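Please open the model in your viewer and keep the selection panel at hand. The tour begins with the whole chain and then moves from one selection to the next.

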Amino acid sequence: MKITEEMVDYISVLSRLKLEPEEKEQMTKELEQILAYMDVLNKMDTGGAEPVSQSIRLKNVLREDEVRPSTDRAELLKNAPEADGETFLVPKAVE
């Protein structure tokens, strides 16, 4: 597919880029190379390949969830400058 200057202008507007004339020429060449490579990929036989969302297999590296007791509320509030027995009290920041 031949990339035109109008296509480059349209893509630069979408990507919010201001390209100088020499940059437009370079972008045209690069986009044509990308599309040529896409043509190569489209010619590959992928009939036996299963669809995947990742190129490598991922495994869950997180620990299992387990219910554990929380820290005592009174212990947490012990060092608070001001507390009401249930929560921290802080000065009003917004009027």
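Helices here are DSSP runs of at least four residues, marked H or I, and they are numbered from the N terminus. On that basis, Arg-73 belongs to helix H3, which covers residues 73–77. Please bear in mind throughout that this is a predicted model.

**The whole chain**

Begin with the cartoon of the full protein, where the secondary structure amounts to three helices and zero strands, so that the pattern along the sequence, with helices as defined above, reads α-α-α. If you orient the view along the principal axes, the C-alpha atoms fill a box of roughly 70 × 50 × 15 Å. The radius of gyration of the protein is 29 Å, whereas a compact globule of 95 residues would have one near 12 Å. Colouring by accessibility gives a further view of the chain, since 8% of the 95 residues of the protein count as buried.

**The loop between H1 and H2**

Next, select Arg-16, which is found in the loop that runs between helix H1 (5–14) and helix H2 (21–43). What is the sign of phi at Arg-16? Phi is positive there, at about 55 degrees, although Arg-16 is not a glycine. For context, most residues other than glycine have a negative phi. Arg-16 counts as exposed because its relative accessibility is 79%, and the cut-off for that class is over 50%.

**The negative patch**

Now select Glu-5, Glu-6, Glu-20, Glu-22, Glu-23 and Glu-25 together, and show their side chains on a surface, where they gather in a patch of negative charge. The elements that contribute two or more residues to this negative patch are H1 and H2, and the largest share, three residues, comes from H2. Within that selection, centre the view on Glu-22, whose place is in helix H2 and which counts as exposed because its relative accessibility is 54%.

**Salt bridges**

Which charged side chains should be displayed after the patch? Side chains of opposite charge can pair when their charged atoms come close. The count for the protein comes to four salt bridges, with a side-chain nitrogen of Lys or Arg lying within 4 Å of a carboxyl oxygen of Asp or Glu.

Start with Lys-24 and Asp-9, which form a salt bridge whose closest N and O atoms are 2.8 Å apart. Because Lys-24 lies in helix H2 and Asp-9 in helix H1, this pair ties together parts that are 15 residues apart in sequence. Asp-9 is partly exposed, with a relative accessible area of 26%.

Then move to Glu-86 and Arg-73, whose side chains meet in a salt bridge at 3.3 Å, N to O. This pair links distant parts of the chain, with Glu-86 in the segment after H3 and Arg-73 in helix H3, 13 residues apart. Arg-73 counts as partly exposed, at 45% relative accessibility.

Add Lys-78 and Glu-75 to the display, where another salt bridge joins the two side chains at 3.2 Å, N to O. In this pair Lys-78 is exposed, with a relative accessible area of 53%, whereas Glu-75 is partly exposed, with a relative accessible area of 42%.

**A last distance**

Finally, keep Arg-73 selected and add Lys-29, then draw a distance between their C-alpha atoms. How far are the C-alpha atoms of Arg-73 and Lys-29 separated? The separation is 65 Å, for two residues that are 44 residues apart along the chain.

Terms used
Residues are numbered from 1 along each chain as its sequence is written. This is a predicted model: local features need pLDDT of at least 70, side-chain atom pairs count only at pLDDT 80 or more; totals for chains, interfaces and linings use all residues. Side-chain values use heavy atoms; hydrogens and water are left out. Buried means under 20% relative accessible area, exposed over 50%, partly exposed in between (1.4 Å probe, protein chains only). Patches are made of residues with over 30% relative accessible area and no salt bridge: like charges are joined within 9 Å, nonpolar side chains (Val, Leu, Ile, Met, Phe, Trp, Tyr) within 5 Å. Accessible areas come from the Shrake-Rupley method with a 1.4 Å probe; for residues, only the protein chains shown count as cover. Lys and Arg count as positive and Asp and Glu as negative; His and the chain ends are not counted. The place of a charge is taken as NZ of Lys, CZ of Arg, CG of Asp or CD of Glu. The radius of gyration is taken over C-alpha atoms; the globule rule is 2.2 Å times the number of residues to the power 0.38.
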